[in-house]
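Here are my notes on the structure, set out as numbered points. Please read them with the structure open beside you.

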Amino acid sequence: YKRVTVKSLGEMKLQGEKISMLTAYDYSMAKIVDAANVDVILVGDSASNTMAGHETTLPITLDQMIYHASSVIRAVNRALVVVDLPFGSYQSDPKEALRSAIRIMKESGAHAVKLEGGEEIKESVKRILHAGIPVMGHLGLTPQSIYKFGTYTVRAKAEAEAEKLMRDARLLEKLGCFSIVLEKIPAELTKNVSSKLTIPTIGIGAGGDADGQVLVIHDLLGMTHEFNPRFLRRYMNLYEDMGAAIGRYVADVKAKDFPNEQEQY
Ligand code: KIV
Ligand code: NA
């Protein structure tokens, strides 16, 4: 294997090769995702939902993100590992943002961090980049601002918001970000932004013209069965399959079928 770097992602965009990205939050899952040649593994703050059962991404802490990230890092040989700075760890001031980013890099061994927002967090992005830490941006439906939006519907349909998104994307590129996630925005806007930037965009619910795609691994595997947005393609139905397998185990135990003669000492 050849390690994926922030530089290789730029080369993929140049060559028209789409970038694949998936989340992972623990060692066992990250092993499988990495071995399947996914280019970028995101230790997303969506761990707050998928791993901890919170309704939003807001409650997860920096310490918890570092725990997830270090578990993932121990599993990965090839992918670039990007870690979300959680809500509250970078918005108050640039120095705190840098301290949080440094903690993630030092304590987990991650390769890059991701922050939500544009103009509002410019000084923080600058400081982190100046410390030599690669930064991925995240624009559009930024879940840490869910209480400002009030809903998880598509962002930047109105012209003013689309123009701000384009400005923010250009700003993040100019500051030195290596890539930008575009979440739940019109496909046409994704196409426009992606063609104007030299750094790769990674879309989720943002159409086919992003330079790469990202999904939450639990959604792709069908472990989350109550979550049905239009953009989600399920590749398995693990919620049903795991439930059925576990049901067979329970039945076997009850029926005194497990363990059998060969399965004991
Ligand atoms: O936390 C996350 O999973 C994310 C992706 C959906 C982009 O930020
Ligand atoms: Na996130």
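1. A156 is the place to begin. This is a predicted model, and in it A156 is buried, with 23 other C-beta atoms within 10 Å; a residue counts as buried from 20 such atoms upwards. A156 belongs to the loop between helix 7 (146–149) and helix 8 (159–175). Its phi is near 60 degrees, a positive value in a residue other than glycine.

2. K184 also has a positive phi without being glycine, here near 45 degrees. Is K184 buried or exposed? It has 20 C-beta neighbours inside 10 Å, and the cut-off for buried is 20 or more, so K184 counts as buried. Its place is the loop between strand 6 and helix 9 (187–196).

3. The backbone has another point to check at P259, in the segment after helix 11 (238–254). The peptide bond from F258 to P259 is cis, with omega near -5 degrees. As background, most peptide bonds are trans, and most residues other than glycine have a negative phi.

4. E183 carries the UniProt label "active site", which comes from an unreviewed entry. The residue is part of strand 6 (residues 179–183). E183 is buried because 21 other C-beta atoms lie within 10 Å. Which residues does E183 contact, if neighbours within four places in sequence are left aside? They are H138, G140, L141, T142, I204, G205 and A206.

5. E183 is also one of the residues around ligand 1. The others listed there are T23, L42, G44, D45, S46, D84, V181, I204, V214 and V216. Sorted by class, the shell around ligand 1 has five nonpolar, three polar and three charged residues.

6. The label "binding site", again from an unreviewed UniProt entry, covers D45, D84 and E116. Why can these residues be said to gather at one spot? They span 72 residues in sequence, yet no two of their C-alpha atoms are more than 10.9 Å apart, so they gather at one spot.

7. D84 lies in strand 3 and is buried, with 29 other C-beta atoms within 10 Å. Not counting residues up to four places away in sequence, D84 touches V43, G44, D45, M65 and K114. E116 lies in the loop between strand 4 and helix 6 (122–130). With 24 C-beta neighbours inside 10 Å, E116 counts as buried. Leaving aside neighbours within four places in sequence, E116 is in contact with H138, T142, Q144 and S145.

8. Helix 4 (residues 62–73) has twelve residues, and from its first C-alpha to its last it reaches 16 Å, close to the 16 Å expected at 1.5 Å a residue. Its buried residues are M65, I66, H68, A69 and V72. Seen down the helix axis, these fall within an arc of 165 degrees, so they line one face of helix 4. The elements that cover them include helix 2 (27–35), strand 2 (40–43), helix 3 (47–50), strand 3 (80–84) and helix 5 (94–108).

9. H111 sits in the loop between helix 5 and strand 4 (112–114). It is buried, since 21 other C-beta atoms lie within 10 Å. H111 and V82 are 29 residues apart in sequence, and their C-alpha atoms are 6.0 Å apart in space. Setting aside residues up to four places away in sequence, H111 touches L80, V81, V82 and P134.

Methods. Residues numbered from 1 in each chain as written. Chains lettered and ligands numbered in written order. Predicted model: local features only at pLDDT ≥ 70, side-chain atom pairs only at ≥ 80, totals over all residues. UniProt positions renumbered as here; feature names shortened; annotations may be inferred. Helix = DSSP H or I, 4+ residues; strand = E, 2+ residues; numbered from the N terminus. Buried ≥ 20, exposed ≤ 12 C-beta atoms within 10 Å, placed from the backbone. Contact = placed C-beta atoms within 7 Å. Near = placed C-beta within 6 Å. Nonpolar A, V, L, I, M, F, W, Y, C, P; charged D, E, K, R; others polar. Expected span 1.5 Å × (residues − 1). Arc of directions from axis to C-beta.
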